[in-house]
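New to this one? Take a look at the fold below, then read on for a short tour of its strands, its rings and its main pocket.

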Amino acid sequence: SDLKHTVFTEDCPWGEEEGCTAAWNETLGKHNICSLSMIDCYVRSLHFSITTLSTVGYGDISPVTELETIWENVVVLIGACFLAGFIGAMVQILSQNDTMGVNSFKTKIQKLKQYMAYRKLPLSIQNNVLYFHSCRWQDSQTNDERETLSLLPEPLQLDISYAVKARAIQSVPILKTLPHIVQKRLCNALLLQVYPPNSVIYSVGELGWEIFFIASGVVSVILPSDLAELDSAGRADAAATKEKFQSTGLLLGVGNHVGESCLRSESGVRQETVMAKSKVETYVLSKHAIDMICTFMEPSKKKMLIQSLLTKNGNTWHTFEDVS
């Protein structure tokens, strides 16, 4: 009938000419677009939702004059921009809420990969960088622990740092005997570094002003065969350095430390090579940080701490003279 033909054309979104696959419902008096599969129903629902949100319209009202055509173009563009702006705003809100979450970490790793690929860094270096960030993320669940703590007052920073790193302090015999407030300051200054197996922590001849306290794993110490790699102070102390590692051994584990020669070095030249034999976690303490912490200590206590770091490693005394 003519009535049914009119309803058919109006109710079916694509019109009779293109063929409507939706079944005619006598009760509704229109085509039931959900009479097919649920997939078709959801696809059509999505179509109508997007068409409505973008304010494009269904074509039931069409421009006739040039002015109407221009006006409809403006409406369509405004609607599309509104929808794009809404989606962009939602993305921005979600990204701000996840600045310290998993997505932020993945974004950081992706940027690191792009940078390292652009710089054409060796694959071994790339793997070490990614390994470090992965381990650090698993340990702290934050991209930058320092930045997170910096927002807090200093007393609270000390308390949190001690709660997180007290295990490392208690594993080092030299440090666990220090006053509690000094231990807190040390914890706040310690930085976690993670090394994969068979990686170099530092090499002989390199410059460095840090002490590495071993929190887990085992490191091996390799003494130089050519003393030309050392500075004048290192060459003068070569015999004492060899004697030290004869006492402590060339394999060091939890509670030991390496790199303490920087405390009395004027050049910072490393006197040995240290490699990770397994996955190694170290807490790094710079000479500058030690100097700052020692300003809060009595001179005699400061001298005792430096003396202990230079003459004792773990529970082993390797030097029995004043070297500070």
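Two strands count as paired here if DSSP finds at least two bridges between them. Strand 5 (residues 210-216) and strand 8 (residues 257-258) are joined by two bridges and run antiparallel. Keep in mind that this is a predicted model.

**Strand 5 and its partners**

Phe212 stands opposite Val258 in strand 8. Strand 5 also runs antiparallel to strand 10 (residues 280-286), with six bridges joining them. Glu210, for instance, has Ser286 in strand 10 as its bridge partner. How many of the seven residues of strand 5 are buried? Five of them are, so to speak, tucked away, and the strand is mostly covered.

**The open sheet**

Elsewhere, four strands form an open sheet in the order 4-9-6-7, with antiparallel pairing. Its edges are strand 4 (200-202) and strand 7 (251-252), each of which pairs on one side only. As a general point, strands of a sheet pair through backbone hydrogen bonds, either parallel or antiparallel. Within this sheet, strand 6 (residues 219-222) and strand 9 (residues 273-276) are joined by four bridges. One of the matches there is Ile222 with Thr273 in strand 9.

Here are the strand pairs that have a bridge count:

| Strand pair | Bridges | Direction |
|---|---|---|
| strand 5 and strand 8 | two | antiparallel |
| strand 5 and strand 10 | six | antiparallel |
| strand 6 and strand 9 | four | antiparallel |

**Rings and charges**

The model has one aromatic pair. Why does the pair of Tyr202 and Phe212 count as tilted? The ring planes of Tyr202 and Phe212 stand at 35°, with the centres 5.6 Å apart, and planes under 30 degrees apart would count as stacked, over 60 as edge-to-face. The pair links distant parts of the chain, with Tyr202 in strand 4 and Phe212 in strand 5, ten residues apart. Both rings belong to buried residues: Tyr202 has a relative accessible area of 3%, and Phe212 comes in at 7%.

Tyr202 has another neighbour too: the charged end of Arg270 sits over its ring, 4.3 Å from the centre. In a similar arrangement, Arg185 lies over the face of Phe296, at 4.1 Å from the ring centre.

**The largest pocket**

Now for the largest pocket, with a volume of about 390 Å³. Its lining takes in 21 residues, and nearest its centre lie Asp237, Ala240, Thr241, Arg264 and Leu310. Which helix gives the largest share of the lining? That is helix 12, with four residues. Helix 11 (232-236) and helix 12 (238-248) each supply at least two lining residues. By type, the lining divides into five nonpolar, eight polar and eight charged residues.

Technical notes
Residues are numbered from 1 along each chain as its sequence is written. This is a predicted model: local features need pLDDT of at least 70, side-chain atom pairs count only at pLDDT 80 or more; totals for chains, interfaces and linings use all residues. Side-chain values use heavy atoms; hydrogens and water are left out. On a 1 Å grid over the protein atoms alone, a cavity is a set of points where a 1.4 Å probe fits but cannot get out, and a pocket is an open set with protein on both sides within 12 Å along at least five of seven lines; lining residues have an atom within 4 Å of a point. Grid points are joined across faces, edges and corners, and a volume is the space filled by probe spheres set on the points. Ala, Val, Leu, Ile, Met, Phe, Trp, Tyr, Cys and Pro count as nonpolar, Asp, Glu, Lys and Arg as charged, and the others, Gly among them, as polar. Buried means under 20% relative accessible area, exposed over 50%, partly exposed in between (1.4 Å probe, protein chains only). Rings of Phe, Tyr and Trp (its six-membered ring) pair if their centres lie within 6.5 Å; planes under 30 degrees apart count as stacked, over 60 as edge-to-face and the rest as tilted. A charge sits over a ring if NZ of Lys or CZ of Arg is within 6 Å of the ring centre and within 35 degrees of the ring normal.
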